[in-house]
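Please find below a short note for the file, set out as numbered points. The sequence and coordinates come first, and the comments follow.

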Amino acid sequence: LQGIFVLGLPYALLHSGYSGLLLIVLAAALCCYTGKILIACLYEEHEDGQLIRVRDTYEDIANACCKKLSPSLGGVVVNVTQVVELIMTCILYLVASGNLLSHSFPYVPVTEKTWSVIAFVTLLPCIFIRTLKIVSKLSQLCSLVHFVIIFVVITYCLTQMHQWSWAKFRLSLEFEDFLVSVGVIIFSYTSQIFLPTLEGNMKNPGEFRCMLNWTHFFACILKTTFALTAFLTWGEKTKEVITDNLPSFLETLVNLCLLTKALLSYPLPFFAATEIVYSCVSKDNHSNYRSSLLALTVRGSFLLLTLLMAMFTPHFALLMGLSGSVTGAAMTFLLPSLFHLKLKWEKLSFLEKCADISVFILGFLCSLAGIVCSIKGLLEVFG
C-alpha cells in the first residue's frame, strides 16, 4: 500500500511546498508513536513489574476498553473498520493492476476491466495461503520490487540535476490542495492494522520498538529523497503518479514493476481480512482455520467480492478516499491514542497524556478534512 502512496509524494510536494518536507518527517514520527502505544495496549504489568502480553489483536484491545459498556462492542467496531479498509485496499490493487496493464499494452484491444480480470486470475492461489510466513515472503519480494522502482526514478532524476531549482517550491498554498497532500503523506506510513500480528509473530518481540524506530527512520529518509529529487526534476509539471513523467521506455518498465508490486501486495491485506472474518464466524480453534472448508469458502468469497467491486463500483477512487479518511485515520490515530489513554491512564505521565490527546485531535481533524474533500468530489461527479 505504501508504494502506491509513495508515487504520489512528489505531487504532494507540488501542493504543499516546504511544509510538505516537514510533513513527511512529522508523519513518520506520529505513525511510529501510534504503533508503539498500540502495541503497549497488548501488555499489562504483572505484580513483579514484568510486562505480560494479555491481548493478541486489535479486537482484544477494543474489547478491553469497552467491556463496561459491552463485552464485544469495541471488537465489532474495530473488526468492521479493519475489514472495510483491508478490502478497499485489495480492490485498489485490482483496479491499479488493470490500469497498469492497460497503459503497458495500449496496442492490445482489451478494456481496462478485462485486464483487471486477467490480474484477478493470477491472484486465485491466494485462496490456499494458510500462514503468515508465506505472506511475509511475498511481502519481501514486494519490497524488492519497490526498491527497484524507487532506484529507477531517482537515478533518472539525478541525470537531470542540471535543471534542478529550489525556486520550484511554492510559498503560497491552497488549503484544499494542502489537505490532499496531508492525506497522501500521512497514509503513506500507515501499517497499524498489521502491527499486533507482526509483533506477536516476531522471534524476539522485545526488539519491536527498535524495529519500528529504524523502519520509520529509513522510510522517512527514502521518501524525502524520492519526493524531493522527483519534484526538483519536474516542478510544476509533476503529475499525480510520478511514473507518468518518465520517458516512455522507462514508464513501461516501471509500470510493469508496479504491476508486480500490486499483485505481490494483495495477499497481505487479503489474508488479514479473511482471518478477521473467519474468527468472527467460527467458534473453532484458530489453527483449524487453515485446512477447513469454511476457511476456503471465506477466502474464495472475499476474492470474488474484490473483483466484483473493482469491476462494477463507479468512481472507486473517490469512494476509496472517503472510506480511507474514516477508517485510515481511525486505525492510525484515533483508536490507538484513545485506547492507550483508556488502558494506561493511571500510569501515563502528563506529557504522555498530552501527546495522546494531541494525536487524537490531529487524527480527528485529518479525518474530517478528508471526508469533506471526498464528499465534495463525489457531489461534483454526481451533480
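1. The comments concern a predicted model. In helix α13, the buried residues are Ala295, Val298, Arg299, Phe302, Leu303, Thr306, Leu307, Ala310 and Met311. These buried positions of α13 pack against three other helices, namely α5 (73–104), α6 (112–122) and α12 (267–281). Helix α13 itself runs over residues 293–312, and its 20 residues reach 28 Å from the first C-alpha to the last, close to the 28 Å expected at 1.5 Å a residue.

2. Three salt bridges are present in the structure. One of them joins Glu44 and Arg55, whose closest N and O atoms are 2.8 Å apart. This pair links distant parts of the chain, eleven residues apart: Glu44 belongs to strand β1 (residues 43–45), while Arg55 sits in the loop between β2 (51–53) and α4 (58–66). Glu44 is partly exposed because its relative accessibility is 26%, whereas Arg55, at 11%, counts as buried.

3. Arg53, Asp56 and Glu199 are linked in a network of salt bridges. Arg53 meets Asp56 at 3.0 Å, N to O, and meets Glu199 at 2.9 Å, N to O. The pair of Glu199 and Arg53 links distant parts of the chain, with Glu199 in helix α9 (residues 195–200) and Arg53 in strand β2, 146 residues apart. Glu199 has a relative accessibility of 2% and therefore counts as buried. Arg53 is partly exposed at 25%, and Asp56 is partly exposed at 48%.

4. His216 is a residue of helix α10 (residues 208–234). With a relative accessible area of 9%, His216 falls under the 20% limit and so is buried. A polar atom of the His216 side chain lies 3.0 Å from the backbone oxygen of Leu212. Beyond residues up to four places away in sequence, His216 touches Ala28, Cys31, Cys32 and Tyr189.

5. A nonpolar patch on the surface is formed by Leu338, Ile357, Phe360, Ile361, Phe364, Leu365, Leu368 and Val372, which together have about 700 Å² of accessible area. Helix α15 (residues 350–382) supplies the largest share of this patch, seven residues. Leu365 is placed in α15, and at 48% relative accessibility Leu365 counts as partly exposed.

6. Tyr11 is found in helix α2 (residues 9–16) and is partly exposed, with a relative accessibility of 23%. Leaving aside residues up to four places away in sequence, Tyr11 touches Thr238, Lys239 and Glu240. The C-alpha atoms of Tyr11 and Leu362 are 23 Å apart in space, with the two positions 351 residues apart in sequence numbering.

Definitions and conventions: Residues are numbered from 1 along each chain as its sequence is written. This is a predicted model: local features need pLDDT of at least 70, side-chain atom pairs count only at pLDDT 80 or more; totals for chains, interfaces and linings use all residues. Side-chain values use heavy atoms; hydrogens and water are left out. Helices (H or I, at least four residues) and strands (E, at least two) are DSSP runs, numbered from the N terminus. Buried means under 20% relative accessible area, exposed over 50%, partly exposed in between (1.4 Å probe, protein chains only). Contact means heavy atoms within 4.5 Å. A polar contact is a pair of N or O atoms within 3.5 Å; within protein, one must be able to donate a hydrogen and the other to accept it, and residues adjacent in sequence count only if both atoms are side-chain atoms. Patches are made of residues with over 30% relative accessible area and no salt bridge: like charges are joined within 9 Å, nonpolar side chains (Val, Leu, Ile, Met, Phe, Trp, Tyr) within 5 Å. Accessible areas come from the Shrake-Rupley method with a 1.4 Å probe; for residues, only the protein chains shown count as cover. A salt bridge is a side-chain nitrogen of Lys or Arg within 4 Å of a carboxyl oxygen of Asp or Glu. The expected span of a helix is 1.5 Å times one less than its number of residues.
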